[in-house]
Amino acid sequence: MSNHVYKLLELTGSSPTSIEDAVSTAIAKAHETVRNIQWFTITETRGHVEAGKVAHWQVSLKIGFTLD
């Protein structure tokens, strides 16, 4: 295994559907401009409530990617 150097990027994804969709949205958007994404860590989960129901999920995460 070769030695790698990783950089972290902090993102917040949102979704009216689910936590998983919020994470996927953030990673998909980052993938448009960031190469070599390798992993992610969820750092915070929160939501918005309307009329007693969850209206929106927000998930903050750190993604790690290798530097060229």
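This is a short talk on the strands, the helix and the salt bridges of one structure.

Hi everyone, and thanks for coming. Before we start, please keep in mind that what you see above is a predicted model.

Let's begin with the sheet. Which order do the strands take? They form an open sheet of 3 strands in the order 1-3-2, and the pairing is antiparallel. Strand 1 and strand 2 are at the edges, and each has a single partner strand, so one side of each has no neighbour in the sheet. From one strand to the next, the twist averages 15 degrees.

Now for the pairings themselves. Strand 1, residues 6–15, runs antiparallel to strand 3, and 10 bridges join the two. You can pick out a couple of partners by eye: Leu 8 has Gly 64 in strand 3 as its bridge partner, and Thr 12 has Ser 60. On to the other pairing: how many bridges are there between strand 2 and strand 3? There are 12, again in the antiparallel sense. If you look for Val 49, you will find it opposite Val 54 in strand 3. Strand 2 and strand 3 also make a hairpin with 2 residues between the strands, and there Ala 51 takes a positive phi near 55 degrees.

And the helix? Helix 1 lies across strand 1, strand 2 and strand 3, and it runs at about 40 degrees to strand 3.

Let's zoom in on one residue, Ser 60, which sits in strand 3. Is Ser 60 buried or exposed? Its relative accessible area is 5%, and the cut-off for buried is under 20%, so Ser 60 counts as buried. We just met Thr 12 as the bridge partner of Ser 60, and the side chains of these two residues are also joined by a polar contact of 2.9 Å. Leaving aside neighbours within four places in sequence, Ser 60 is in contact with several residues, including Leu 11, Thr 41, Ile 42 and Arg 46.

Next, the charged residues. As a general point, side chains of opposite charge can pair when their charged atoms come close. How many salt bridges does this model have? The count is 3, so let's visit them one by one.

Our opening pair is Lys 29 and Glu 32, with the closest N and O atoms 3.3 Å apart. Lys 29 is exposed, at 55% relative accessible area, and Glu 32 is exposed too, at 57%.

Then come Arg 35 and Asp 68, whose closest N and O atoms are 2.3 Å apart. Where do these two residues sit? Arg 35 is in the loop between helix 1 (19–31) and strand 2 (37–50), while Asp 68 is in the segment after strand 3 (53–66), so this pair, 33 residues apart, links distant parts of the chain. Arg 35 is exposed at 57% relative accessibility, and Asp 68 is exposed at 73%.

The remaining pair is Arg 46 and Glu 44, which meet in a salt bridge of 3.1 Å, N to O. Here the accessibility reads another way: Arg 46 is partly exposed, at 29%, and Glu 44 is partly exposed, at 42%. Both Glu 44 and Arg 46 are also among the residues in contact with Ser 60.

To recap, we have an open sheet in the order 1-3-2, a helix lying across its strands, and 3 salt bridges. Thanks for listening!

Key. Residues numbered from 1 in each chain as written. Predicted model: local features only at pLDDT ≥ 70, side-chain atom pairs only at ≥ 80, totals over all residues. Heavy atoms only, no water. Salt bridge = Lys/Arg side-chain N within 4 Å of Asp/Glu carboxyl O. Buried < 20%, exposed > 50% of the residue type's maximum accessible area, 1.4 Å probe, protein only. Helix = DSSP H or I, 4+ residues; strand = E, 2+ residues; numbered from the N terminus. Pairing = 2+ DSSP bridges. Polar contact = N/O pair within 3.5 Å; in protein donor to acceptor, adjacent residues only side chain to side chain. Contact = heavy atoms within 4.5 Å. Axes fitted to C-alpha atoms, helices over the stretch in contact; angles between N-to-C directions.
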